[in-house]
Each structure stands twice: as structure tokens, then as C-alpha cells.
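Thanks for passing this one along. Here are my notes, set out as numbered points so that you can follow them with the model open beside you.

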Amino acid sequence: PWMRFFPYRDRPIGPHPVPMWEADFGGYDNRHRWSEVRDFIEMEHGSLSVLIHPHSEDGDTADHTKNAFWAGQVLDLKLEIFSS
């Protein structure tokens with residue numbers, strides 16, 4: 001499958017301030033599907049706050065800020081966890 005879905009987390013984890021679930025592209029070879037995923041999330045997020053970010057060589061802080069895409073309310077992430 002070109003998308004992988006992970007179990008729901010019922011508590012905040014990492015920089016995320018609220019419970020969450022994660023999906024990813026299942027591999028770098030699927031990066032060309034970015035616009036398809038973004039467009040779907042933009043249309044279907046409803047009242048959810050959705051963060052889409054890459055796993056780039058720019059590092060975690062950049063991936064969760066300047067490289068990130070939000071649909072819905074932008075949440076304040078706990079970015080200080082990346083400074084260690």
C-alpha cells in the first residue's frame with residue numbers, strides 16, 4: 001500500500017499537544033502523490049486540525065514549521081523537544 005496508517009494515540013505525543021493518529025506515504029517513492037493527499041485533506045478535514053509534514057533533511061523543527069502544511073486550526077506545537 002502506498003499509505004500507512006498507525007494506531008490512534010490517546011494522549012499527546014512528541015511535539016503534538018493533543019491526542020493524534022499518524023499516516024504516512026509508505027515510502028519516498030510515493031512523494032509524487034503529495035498534491036493528491038493535500039487536496040483530499042483540505043476538502044475533508046471537517047472540524048479536525050490536520051498537520052502534514054515531511055521527513056526531510058532540514059530537521060524536525062523545520063519539518064513541523066516552515067515545511068508543514070495545516071488544514072484547519074493551526075496548533076501550537078511543543079517544538080522545544082527538538083532543541084536537545
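1. Let me begin with how the chain meets itself. Of the contacts in the chain with a separation of 6 or more, 34% are between residues 24 or more positions apart; contact here means heavy atoms within 4.5 Å. Please keep in mind that this is a predicted model, in which local features need pLDDT of at least 70 and side-chain atom pairs count only at pLDDT 80 or more, while totals for chains, interfaces and linings use all residues. Residues are numbered from 1 along each chain as its sequence is written, and side-chain values use heavy atoms, with hydrogens and water left out.

2. Next, the overall layout. The chain has 2 helices and 4 strands, and their order along the sequence is β-β-α-β-α-β. These elements are DSSP runs numbered from the N terminus, with helices being H or I of at least four residues and strands being E of at least two.

3. On dimensions, the C-alpha atoms fill a box of roughly 35 × 30 × 25 Å along the principal axes. The radius of gyration is 13 Å, which agrees with the value near 12 Å for a compact globule of 84 residues. That radius is taken over C-alpha atoms, and the globule rule is 2.2 Å times the number of residues to the power 0.38. Buried residues make up 24% of the 84 residues, where buried means under 20% relative accessible area, exposed over 50%, and partly exposed in between (1.4 Å probe, protein chains only).

4. Now to the largest pocket, which holds about 1,500 Å³ of space. Rolling a probe the size of a water molecule over the atoms shows where empty space is left. A pocket, on a 1 Å grid over the protein atoms alone and with a 1.4 Å probe, is an open set of points with protein on both sides within 12 Å along at least five of seven lines; lining residues have an atom within 4 Å of a point. Grid points are joined across faces, edges and corners, and the volume is the space filled by probe spheres set on the points.

5. Which residues lie nearest the centre of the largest pocket? They are E22, A23, L51, I52 and H53, out of a lining of 46 residues. At least two lining residues come from each of β1 (4-5), β2 (23-24), α1 (34-44), β3 (50-52) and α2 (60-64), with α1 giving the largest share, 6 residues. By type, the lining divides into 27 nonpolar, 11 polar and 8 charged residues. For that split, Ala, Val, Leu, Ile, Met, Phe, Trp, Tyr, Cys and Pro count as nonpolar, Asp, Glu, Lys and Arg as charged, and the others, Gly among them, as polar.

6. H64 deserves a look. This histidine is found in helix α2 and counts as buried because its relative accessible area is 7%. Leaving aside neighbours within four places in sequence, H64 is in contact with P15, H16, L51, H53, L77, L79 and F82. Its side chain also reaches the backbone oxygen of D60 at 2.9 Å.

7. Is S56 buried or exposed? It falls between the two: S56 is partly exposed, because its relative accessible area is 30%. S56 lies in the loop between β3 and α2, and its side chain reaches the backbone nitrogen of D58 at 3.0 Å. A polar contact of 2.5 Å joins the side chains of S56 and D63; the term means a pair of N or O atoms within 3.5 Å, where within protein one must be able to donate a hydrogen and the other to accept it, and residues adjacent in sequence count only if both atoms are side-chain atoms. Not counting residues up to four places away, S56 touches D63 and N67. The C-alpha atoms of S56 and N67, 11 residues apart along the chain, are separated by 8.6 Å.

8. N67 comes up again with A62, a residue of helix α2. Beyond its neighbours within four places in sequence, A62 is in contact with N67 and A68. A62 is buried, with a relative accessible area of 11%.

9. Lastly, H45 sits in the loop between α1 and β3. Apart from neighbours within four places in sequence, H45 is in contact with V50, A71 and G72. The C-alpha atoms of H45 and G72 are separated by 7.1 Å, with their positions 27 residues apart along the chain.
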